[in-house]
Protein chains: 2
Amino acid sequence: MTDTKTRLLDAAEALFADHGIAATSLRDITTSAKANLAAVNYHFGGKDGLLEAVFDRRLRPVNRERLALLDAFESAAGAECVPLEQILYANLAPPFRTLEEWGESGQRFMRIVARINADPSSRIHEAFLRHFDVIRTRFLAALGRTLPDLDPTEVERRFHYSLAAMLHTFCWGAQIDCLCAHPSDHRERVFTSLIEYAVAGLQAPRHSIDVDEMRRLEVEFEGAPV
Amino acid sequence: MTDTKTRLLDAAEALFADHGIAATSLRDITTSAKANLAAVNYHFGGKDGLLEAVFDRRLRPVNRERLALLDAFESAAGAECVPLEQILYANLAPPFRTLEEWGESGQRFMRIVARINADPSSRIHEAFLRHFDVIRTRFLAALGRTLPDLDPTEVERRFHYSLAAMLHTFCWGAQIDCLCAHPSDHRERVFTSLIEYAVAGLQAPRHSIDVDEMRRLEVEFEGAPV
DNA sequence: AGCGCATTCAAACGATCGTATGAATCATAC
DNA sequence: GTATGATTCATACGATCGTTTGAATGCGCT
């Protein structure tokens, strides 16, 4: 039998991912982990501590690898700026690798990340964001260097769009893919698909669309026969 | 004093958005709405009924407008396919208009939508998805017509990416923008930014990136001096 | 064997939750 | 004015929650 501490972490990870954090009680967790109810408070100081430990365990190596990849690409680029696709690769590859290496457990974990991300009111949310502070600034800086003509506000927006696409995929990928009847290599496909989409989105030309024209079109056809 | 029913809806909307659904008790809601605790069960049959009513009230007109816009653009296009930017405009403009018309309340509501979307385990989630059934199929069909060379699986993925960027913006837009010190017209800018990004992402060329090459580069610089 | 420390255990605590109940209050029509 | 139906009210119920407690247990060390 494995350590009680890791049994608790595993059980919490699975239950948090499947039923949500608020909906999972300590009793659910300790029962699933075949541990005593008080074990959570003994080992982690409470539910919040357990939750923090759950995503500390997996997030720390993922983010370390992200920075290492970015470092590698930057030193490979030398004085040049890092190509967009490499920046996105450095951001996406580590969590995808986690998905493969940890299997079912990794997928569950990524769903927790997406959950916490969408719930800014969680008490854990501050600690959660702190994991991404360095990541954010480093990747924003790299993007800014590669997209010097785009003003930093827009760079940041598009970076967030790309993150959102990734998180959404982690949260919904399973459902989407079961609808589409995928072959076994679907993870590689999705990975490539995400990078292609984000690269194109990040370097989208500005002022390429005319919103006012569509507003005119909209008014023109208002009340047309349904 | 307004109707008790709408007072409850308003209070629930605000509290659900600010503190989360699970973290908001009926007592919080009825206190904020200056109504009796039992009023929720009387008018809505319970907490779930209240939540469903909360997003029914705003989601129904938004989605109706989405379909109306798509209809208008399709009849304007005649036999041609609808331009990508128009499809995205039809999808994005209604919720953005809601954001303006309902003010603070609209922003809160959109945050609830993002929340529910990220929480597939919610009891309400099925009912929530049903709101988007027609939207999804109609917009996927339009996208497929405009992007005939892209296989439907990829169209669906990219559509989801675009939705994710939009939802993420609704959930985090306030925080992101307060970081960037925006002028008053920032909503229009974000709206345009989202469409530009998504249009570019949706028509990204396939096989435009070489993942294997980056893997080689990664291995080459593995363990380089940190 | 016996000590010391880490861990596990059963049981309980106080708080809060969603829901139900039956009486009180209001509005409206006759 | 009073009967009727809709609404509001104070209150209570049973369940579940996170946390705490103090005793019991396991276990390496001298």
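This is a short walk through a predicted model with two protein chains, A and B, and two DNA strands, C and D.

Okay, quick housekeeping. Residues count from 1 along each chain as its sequence is written, while chains are lettered from A and ligands numbered from 1 in the order they are written. The model is predicted, so to speak of a local feature I need pLDDT of at least 70, side-chain atom pairs count only at pLDDT 80 or more, and totals for chains, interfaces and linings use all residues.

Let's start with chain A. Chain A has eleven helices and zero strands; helices here are DSSP runs of H or I with at least four residues, strands are E runs of at least two, and both are numbered from the N terminus. Reading along the sequence you just get α-α-α-α-α-α-α-α-α-α-α. The C-alpha trace spans about 65 × 60 × 40 Å along its principal axes. Of the 226 residues in chain A, 42% are buried. Buried means 20 or more other C-beta atoms within 10 Å of the residue's own, exposed means 12 or fewer, and partly exposed is in between, with C-beta atoms placed from the backbone. Take the contacts in chain A with a separation of 6 or more: 69% of them join residues 24 or more positions apart. Contact, for us, is C-beta atoms, placed from the backbone, within 7 Å.

Now a helix pair in chain A. How do α5 and α10 cross? Their axes come within 10 Å and cross at roughly 150°. That makes α5(A) roughly antiparallel to α10(A). On the terms: axes are lines fitted to C-alpha atoms, for helices over the stretch in contact, and angles run from 0 to 180 degrees between N-to-C directions. Under 35 degrees is roughly parallel, over 145 roughly antiparallel, 65 to 115 roughly perpendicular, and the rest oblique. The crossing of α5(A) and α10(A) is right-handed; that is the clockwise case, whereas left-handed has the near helix turned anticlockwise from the far one by less than a right angle. Residues making this contact include Leu88(A), Leu92(A) and Phe96(A) from α5(A), and Phe191(A), Leu194(A) and Ile195(A) from α10(A). By class that contact has twelve nonpolar, no polar and three charged residues. Nonpolar is Ala, Val, Leu, Ile, Met, Phe, Trp, Tyr, Cys and Pro; charged is Asp, Glu, Lys and Arg; the others, Gly among them, are polar.

Over in chain B, look at α1 and α6. These two pack at an angle of about 60° with axes 8 Å apart, so α1(B) and α6(B) are oblique to each other. Their crossing is left-handed. Among the contact residues are Asp10(B), Glu13(B) and Phe16(B) on α1(B), with Arg108(B), Phe109(B) and Arg111(B) on α6(B). The class split is five nonpolar, one polar and four charged.

Next, where the two chains meet. Each of chain A and chain B gives 54 residues to the contact. On chain B, helices supplying at least two residues include α1, α4, α5 and α6. Which helix gives the largest share of that side? That would be α9(B), with 14 residues. The side of chain B touching chain A divides into 30 nonpolar, twelve polar and twelve charged residues.

On to the DNA. Strand C is surrounded by 15 residues, the closest being Thr4(A), Asn36(A), Ala38(A), Ser25(B) and Gly46(B). A residue is near a strand if its C-beta atom, placed from the backbone, lies within 6 Å of it. Strand D has 16 residues around it, and the closest there are Ser25(A), Gly46(A), Thr4(B), Asn36(B) and Ala38(B). For strand D, the elements giving at least two residues are α2 and α4 of chain A together with α3 of chain B. Eight nonpolar, five polar and two charged residues make up the surface near strand C, and near strand D the numbers are eight, five and three.

One last backbone detail. Most residues other than glycine have a negative phi. Lys34(A), though, has phi near 50°, a positive value, and so does Lys34(B), also near 50°. Lys34(A) sits in the loop between α2 and α3 of chain A, and Lys34(B) in the loop between α2 and α3 of chain B. Buried or exposed, Lys34(A)? Exposed, because 12 C-beta neighbours lie inside 10 Å. Lys34(B) is exposed too, with 12 other C-beta atoms within 10 Å.
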